[in-house]
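Please open the model in a viewer and keep the sequence panel visible. The tour moves from one selection to the next and describes what each one shows.

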Amino acid sequence: MTCEKLKTFLPDMVLDPARVPAEARQHLRECSSCENDWKELEATLRLLDSWQSPAPTPYFDTQLAARLREEKMSPAPGWLERMRMRLLFGSDLHLRPLMAGAFALLLVVSGGSYAGFVSFNRTVPQNPTVSATVTDLELLDANAQTLQQLAAFDDASVDGISATNANTSN
Ligand SMILES: [Zn+2]
């Protein structure tokens, strides 16, 4: 068996060893290069097994909906540009993944027009106007307020639960 042919058996070597012909196993014993490939594949898959996706925060959907509403209400032309600026220069770093998610979703919702992609891929806007910046700051402000309200609600409900627990334990 050639090394080339053995590579087609590598996934089965890891996932379903019973299906692998004896000559492939024989080749692995004799060829250290292929044996290495096999071990690396196995190690990679084992690493993937240990990976756990992070759980979303309790109010993720609500927060996402708030952002989507906000973007929907903003004037249609230029939102791509503003979103891009916010992703690039936004101060709240921890919100970036969320923004990116909302951005991806918006692309899908709005049909992801080819024209939109083209303007997104262009480099720096040629004439960023003052009014656009002001609008952006206002949007960010509204955004922060929504998040603060949600956070306050979150805290209040957690306090409420612990208070209830304290009451029942007494
Ligand atoms: Zn080989």
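Begin by selecting valine 14. Setting aside residues up to four places away in sequence, valine 14 touches Leu41, Glu42 and Leu45. Valine 14 lies in helix H1. Is valine 14 buried or partly exposed? Valine 14 counts as partly exposed, because 17 C-beta neighbours lie inside 10 Å, whereas a buried residue requires 20 or more. Now add leucine 45 to the selection: valine 14 and leucine 45 are 31 residues apart in sequence, yet 8.6 Å apart in space from C-alpha to C-alpha.

**The whole chain**

Before going further, zoom out to the full chain. The model is predicted. Its 170 residues include 9% that count as buried. The secondary structure consists of 8 helices and 0 strands, and the pattern along the sequence reads α-α-α-α-α-α-α-α. Of the contacts between residues at least 6 apart in sequence, 67% join residues at least 24 apart.

Next, colour the chain by pLDDT. The average over the chain is 74, and 64% of the residues score at least 70. Where is confidence lowest, and where is it highest? Helix H7, residues 114-121, has the lowest confidence with a mean of 52, while H2 has the highest at 91.

**Along helix H1**

Return to H1 and select the whole helix. Its 13 residues should span 18 Å at 1.5 Å a residue, and the end C-alpha atoms are 19 Å apart, which agrees. Phenylalanine 9 marks a bend of about 40° in H1, and proline 11 follows within four residues. With phenylalanine 9 selected, show its contacts beyond four places in sequence: these are Val20 and Ala24.

Which residues of H1 are buried? They are Leu6, Phe9 and Met13. An α-helix has 3.6 residues a turn, so residues three or four places apart point the same way. The buried residues of H1 pack against H2 and H3.

Select methionine 13 next, which is also found in H1. Methionine 13 is buried because 20 or more C-beta atoms within 10 Å are required, and methionine 13 has 21 others within that distance. Leaving out residues up to four places away in sequence, methionine 13 touches Val20 and Trp38. Add glutamate 42 to the view: the C-alpha atoms of methionine 13 and glutamate 42 are separated by 8.8 Å, although the two residues are 29 apart along the chain.

**The nonpolar core**

Now select Leu6, Phe9, Met13, Ala24, Leu28, Cys34 and Trp38 together. These 7 residues make up the largest nonpolar core. Helices H1 (3-15), H2 (22-30) and H3 (32-50) are the elements that give two or more residues to this core. Which of the elements gives the most to the core? H1 does, with 3 residues.

**A stop in helix H4**

Finally, move along the chain to glutamine 63, which is found in helix H4, residues 60-73. Glutamine 63 is buried, because 20 other C-beta atoms lie within 10 Å. Add threonine 146 as the last selection. Glutamine 63 and threonine 146 are 83 residues apart along the chain, and their C-alpha atoms are separated by 8.0 Å.

Key
Residues are numbered from 1 along each chain as its sequence is written. This is a predicted model: local features need pLDDT of at least 70, side-chain atom pairs count only at pLDDT 80 or more; totals for chains, interfaces and linings use all residues. A nonpolar core is a set of buried Ala, Val, Leu, Ile, Met, Phe, Trp, Tyr and Cys residues joined through C-beta atoms within 7 Å. A residue is buried if 20 or more other C-beta atoms lie within 10 Å of its own, exposed if 12 or fewer, and partly exposed in between; C-beta atoms are placed from the backbone. Two residues are in contact if their C-beta atoms, placed from the backbone, lie within 7 Å. The expected span of a helix is 1.5 Å times one less than its number of residues. The bend at a residue is the angle between axes fitted to the seven residues ending there and the seven starting there. pLDDT is the predictor's confidence in each residue, from 0 to 100.
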